Amino acid sequence: MPESYIDIESISELHEFYGVGKPRHPLITVIELGSNKVNRPEQNAIYRLGFYTIFCKKFSGTLKYGRSYYDFSEGSLMFTGPGQIVAPSPEQYLDEGWGLFFHPDLVNTGALGRKMGDYSFFNYEANEALHVSEEEKSVLTTCIQNIRKEYMQNIDKHTTRLIQANIELLLNYCSRFYDRQFYTREKVNTDVVQQFEKLVKDYFAPETLIDTGLPNVGYFASRMNLSPNYLSDLLHRFTGKTTQEHIHLQLVDKAKSLLLSTQKSVSEIAYTLGFEHPSHFTRLFKSKTGYAPSDYRHPN
């Protein structure tokens, strides 16, 4: 177990932690993490950062993120949102890389704050990191240089808006590159889709779900060692449906079978399928089929 737990809530605290002097901007910074002038993370510690981070790293060693250790020797981008936890392993050190750190207060003042939830990769696990080509890395480096150039100048009324615009451009490129990664790993991702579909069918195979209840996205993601966001994004790109939509479709298929092959009441079927309230089942069934369960069983 880690021996200490370290919270870093502000950009000033981050600079103090890395030993790189005072920040030029109170809400954003870029740090060259592979520099000999930068303090290394404490061994056997876990860190919780109060801001968004994008690490572009090439590691020797491993990084513990979530439940497992991952090898980052090839270099990649990893994203964390405010409050997420990162724990370097004792043998880890950085060969090269940079980190962009920006506080939620920086983006919440503009339209970008309302869009941050769209960048779901901030909630991916480390094994779902973005691996970029040299050309893609060059594009991202240019964005980072523009961000740094802007906050290094004297702050004026245009500074925040221009920094936000450059961060959004960077995140949009990351979205594009993630899309590329989804499709260039098509064989692997097709296997993931098939594995998920089998898990869903197996879950709904028993006669009743009274004891187990309705599954959520996190259940299947955990079984597949994926984050819920990554699983949903992957499924949406390859099937056009989210994880929740797949679950609901399988649920409705089973409900149709029970309605047509048994004499159970609608309420009994709802309880059989794991619903606590029959009205919730009726509402879901009608939203997916256009019919109330009783009308589906006895059409006019």
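This is a guided tour of one protein chain, moving from the whole chain to helices H6 and H8 and then to some pairs of charged side chains.

**Before you start**

The model is predicted, and for that reason local features need a pLDDT of at least 70 and side-chain atom pairs count only at pLDDT 80 or more, while totals for chains, interfaces and linings use all residues. Residues are numbered from 1 along each chain as its sequence is written, and side-chain values use heavy atoms, with hydrogens and water left out.

**The whole chain**

Begin with the protein chain in a cartoon view, where the secondary structure comes to 12 helices and 9 strands; here helices (H or I, at least four residues) and strands (E, at least two) are DSSP runs, numbered from the N terminus. Of the 300 residues in the chain, 44% are buried, where buried means under 20% relative accessible area, exposed means over 50%, and partly exposed lies in between, with a 1.4 Å probe and protein chains only. If you count contacts (heavy atoms within 4.5 Å) between residues at least 6 apart in sequence, 71% of them join residues at least 24 apart.

**Helix H6**

Next, select residues 186-203, which form helix H6. The expected span of a helix is 1.5 Å times one less than its number of residues, so the 18 residues of H6 should span 26 Å, and the end C-alpha atoms are indeed 26 Å apart. Now show the side chains of Asn 189, Val 192, Val 193, Phe 196, Leu 199, Val 200 and Tyr 203, which are buried. Looking down the axis of H6, you will find these buried residues within an arc of 125 degrees, so they line one face of the helix; the arc is taken from the directions from the helix axis to the C-beta atoms. An α-helix has 3.6 residues a turn, so residues three or four places apart point the same way.

What do the buried residues of H6 pack against? Their partners are helix H5 (159-184), helix H7 (217-223), helix H8 (228-239) and helix H9 (243-261). On the other side of H6, select Lys 187, Lys 198 and Lys 201, which are exposed. For Lys 201, the relative accessible area is 51%, and the C-alpha atom of Lys 201 is separated by 9.3 Å from that of Leu 251, a residue 50 places away along the chain.

**Helix H8 and Asp 233**

Move on to H8, whose 12 residues reach 16 Å from the first C-alpha to the last, close to the 16 Å expected at 1.5 Å a residue. Its buried residues are Tyr 230, Leu 231, Ser 232, Asp 233, Leu 234 and Leu 235, and they pack against H5, H6, H7 and H9. Just after H8 comes Gly 240, whose phi is positive, near 80 degrees.

Stay in H8 and centre the view on Asp 233. This residue is buried yet has no salt bridge, and the nearest side chain of opposite charge, Arg 237, is 4.2 Å away; for this purpose Lys and Arg count as positive and Asp and Glu as negative, while His and the chain ends are not counted. A salt bridge here is a side-chain nitrogen of Lys or Arg within 4 Å of a carboxyl oxygen of Asp or Glu.

Which side chain makes a polar contact with the side chain of Asp 233? Select Ser 120, where the distance is 2.3 Å; a polar contact is a pair of N or O atoms within 3.5 Å, in which, within protein, one must be able to donate a hydrogen and the other to accept it, and residues adjacent in sequence count only if both atoms are side-chain atoms. Leaving aside residues up to four places away in sequence, Asp 233 touches Ser 120, Tyr 124 and Phe 182.

**Salt bridges**

Side chains of opposite charge can pair when their charged atoms come close. The count of salt bridges comes to 7, and three of them, listed below, can be selected in turn.

- Lys 198 and Asp 202 form a salt bridge, with the closest N and O atoms 2.8 Å apart; both lie in H6, 4 residues apart, about one turn of the helix. Lys 198 is exposed at 54% relative accessible area, whereas Asp 202 is partly exposed at 40%.
- Lys 137 and Glu 134 form a salt bridge at 3.9 Å between the closest N and O atoms, and both lie in helix H4 (residues 134-152). Lys 137 is partly exposed at 23%, whereas Glu 134 is exposed at 62%.
- Arg 180 and Glu 136 meet in a salt bridge of 2.7 Å, N to O. Arg 180 lies in H5 and Glu 136 in H4, so this pair ties together parts that are 44 residues apart in sequence. Arg 180 is partly exposed at 28%, whereas Glu 136 is buried at 11%.
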